[in-house]
Amino acid sequence: MNELKESNQSNEKEVKESEPLPTIRREVKTYVLRAGRMTAAQQKAYNELAPSWCIPFEEKKLNFVDIFGNTNPIVIEIGFGMGDATVEIAQANPEINYLGIEVHTPGVGKVLSEIKKRDLKNLYIIEYDALEVLDKMIGNNSVNGIHIFFPDPWPKKRHHKRRMVQRPRTDLMAQKLASTGYLYFVTDIVEYAEFALEELSLTKGLKNKYDGFAKPQTWRTQTKFERKGLAQDRQITEIVFEKK
């Protein structure tokens, strides 16, 4: 995280779009929209704050300087859930700009309420399919970090095609990372970690920062989901890859 703070990548210059984007099979979704009611507070925050802090999906590349008003490093979090770690990390690192992508509206409402409560200026949200956002809205070589914390492991073998961390999805992520950018993946399912490590190792343009799995990144805030996994004696496994 300190290395990222020292990297003040300018987003004012045009990013290179010369490389062809990998083909993503969009008939295969990486998520399921599970039923879940918003609390009154979440609904109120969503209604009042979404126009200011949620960026609508459109097939147009984002200009991060226009959004954040500065050239600070950009970190994208894919699938932030209820956003416990998202808001803690954003508050602890005001010199970094964060873009959270989530499809579950209750989580979006919760993070919006925290943005107001904590007076965060460095966190925006896109409520849409993360792969579509990366493909259509994020320029190549424009992002300094990608966080993927505890994504759905899709444990049944016939569902492995739905996993977020696999090629060609990781190829797309690699294209979006700027020089020295990183991809940080955390799971409490060892089999998914082994699967992801192999897929990332085979992803063009990425290299493992560690020899195998990463050491715990102390700056990452624990989530309720993670604490639940630990209570069930699940092993937390972390992976960090960097742009070559």
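**View 1. Seven strands make up an open sheet in this predicted model.** Reading across the sheet, the strands come in the order β3-β2-β1-β4-β5-β7-β6, and their pairing is mixed. At the edges stand β3 (123-126) and β6, each with a single partner strand, so one side of each has no neighbour in the sheet. On average, and ignoring direction, neighbouring strands are turned by 20° against each other. As a reminder for newcomers, strands of a sheet pair through backbone hydrogen bonds, either parallel or antiparallel.

**View 2. Here we look at strand β7 (residues 237-243) and its partners β5 and β6.** β5 and β7 run antiparallel and are joined by six bridges. Along this pairing, look for Tyr184, which stands opposite Val240 in β7. Strand β6 (residues 206-208) also pairs with β7 in the antiparallel sense, over three bridges. In this pairing, Leu206 stands opposite Lys243 of β7, and Lys207 stands opposite Glu242 of β7. Six of the seven residues of β7 are buried, so this strand is largely enclosed by the rest of the structure.

**View 3. Helix α7 (residues 169-176) lies across several strands.** The strands beneath this label are β1 (74-78), β4 (143-149), β5, β6 and β7. Relative to β5, helix α7 runs at about 140°.

**View 4. The largest nonpolar core has 64 residues.** Which residues touch the most other members of this core? They are Leu62, Ile78, Leu99, Leu112, Ile138, Ile148 and Met164. Strand β5 (residues 177-187) gives the most to the core, with six residues.

**View 5. Helix α2 (residues 40-53) crosses helix α5 (residues 105-118).** Their axes come within 8 Å and cross at roughly 75°, which means that α2 is roughly perpendicular to α5. On the α2 side, the contact residues include Gln42, Ala45, Tyr46 and Trp53. On the α5 side, they include Pro106, Val108, Gly109, Leu112 and Ile115. By class, this contact has nine nonpolar, four polar and three charged residues.

**View 6. A closer look at Gly109, a residue of helix α5.** Is Gly109 buried or exposed? With 0% relative accessibility, Gly109 counts as buried. Leaving aside residues up to four places away in sequence, Gly109 touches Met38, Gln42, Ala45 and Tyr46. One of these, Met38, is 71 residues from Gly109 along the chain, yet their C-alpha atoms are separated by 7.5 Å.

Notes
Residues are numbered from 1 along each chain as its sequence is written. This is a predicted model: local features need pLDDT of at least 70, side-chain atom pairs count only at pLDDT 80 or more; totals for chains, interfaces and linings use all residues. Side-chain values use heavy atoms; hydrogens and water are left out. Axes are lines fitted to C-alpha atoms, for helices over the stretch in contact, and angles run from 0 to 180 degrees between N-to-C directions. Helices (H or I, at least four residues) and strands (E, at least two) are DSSP runs, numbered from the N terminus. Angles under 35 degrees count as roughly parallel, over 145 as roughly antiparallel, 65 to 115 as roughly perpendicular and the rest as oblique. Contact means heavy atoms within 4.5 Å. Ala, Val, Leu, Ile, Met, Phe, Trp, Tyr, Cys and Pro count as nonpolar, Asp, Glu, Lys and Arg as charged, and the others, Gly among them, as polar. Buried means under 20% relative accessible area, exposed over 50%, partly exposed in between (1.4 Å probe, protein chains only). A nonpolar core is a set of buried Ala, Val, Leu, Ile, Met, Phe, Trp, Tyr and Cys residues joined through side-chain atoms within 4.5 Å. Two strands pair if DSSP finds at least two bridges between them.
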